[in-house]
Amino acid sequence: MHEYTSTARVWGLTCPGFPEEVSRARRWTRDILRGSPLAEDAELIVSELSANAILHTASGREAGSFHLALAVSSQVVALSVTDGGGAGTAPKAEHQDQEAEHGRGLGMVNAIAHRVVVHDSDGGHTVTAELFTDVRRGGHPC
């Protein structure tokens, strides 16, 4: 394959902003990545990002929703969650103590993923976490 050619496969899912939809998002991710060594990490990331969208944005309000995108290539698994906006500020990892009940989710995602990017998206935000399939020492892709 040419070094600039990609054969990524992309899936998308829009979920109503109900708390029980977080388990649906996890199951969807697990089904797509069945057999991948990155499946468990991806499932945890989707769970945290989906829960954050529901808890902290308009996604969790009446008629709210959040959107998931999952892209898989031979180099990376990229998971994106787009929220419904209304939070006022962009999502950010906060340093909470280990006993805190809330506020540790994005920090956990940052610890698991090789790269996390937050960008504005249609009045809300999209958080994308990338898991590289082949990583050398120092966390950089080969």
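These legends accompany views of a predicted model of one protein chain.

**View 1. The whole chain holds three helices and five strands.** From the N terminus, the elements run β-α-α-β-β-α-β-β. The chain has 142 residues, and 37% of them count as buried. Its exposed surface comes to about 8600 Å². Carbon and sulfur atoms supply 49% of that area. Take the contacts between residues at least 6 apart in sequence: 58% of them join residues at least 24 apart.

**View 2. Helix 1 crosses helix 2.** Helix 1 spans residues 21–32, and helix 2 spans 39–56. Their axes come within 9 Å. The crossing angle is roughly 150 degrees. Angles over 145 degrees count as roughly antiparallel, so helix 1 is roughly antiparallel to helix 2. The crossing is right-handed.

**View 3. Residues of helix 1 meet residues of helix 2.** Helix 1 contributes V22, A25, R26, T29 and R30. Across from them, helix 2 contributes A42, E43, V46, S47, S50, A51 and I54.

**View 4. Helix 3 has buried residues at G105, L106 and V109.** This helix covers residues 105–112. Seen down the helix axis, the buried residues fall within an arc of 95 degrees, so they line one face of helix 3.

**View 5. Helix 2 and two strands help cover the buried residues of helix 3.** The cover includes helix 2 (39–56). It also includes strand 4 (115–121) and strand 5 (124–132). Helix 2 thus appears in two settings: it meets helix 1, and it is part of what covers the buried residues of helix 3.

Conventions
Residues numbered from 1 in each chain as written. Predicted model: local features only at pLDDT ≥ 70, side-chain atom pairs only at ≥ 80, totals over all residues. Heavy atoms only, no water. Buried < 20%, exposed > 50% of the residue type's maximum accessible area, 1.4 Å probe, protein only. Helix = DSSP H or I, 4+ residues; strand = E, 2+ residues; numbered from the N terminus. Arc of directions from axis to C-beta. Contact = heavy atoms within 4.5 Å. Areas by Shrake-Rupley, 256 points an atom, 1.4 Å probe, with all protein chains shown as cover. Axes fitted to C-alpha atoms, helices over the stretch in contact; angles between N-to-C directions. Parallel < 35°, antiparallel > 145°, perpendicular 65-115°, else oblique. Left-handed = near helix turned anticlockwise from the far one by under 90°.
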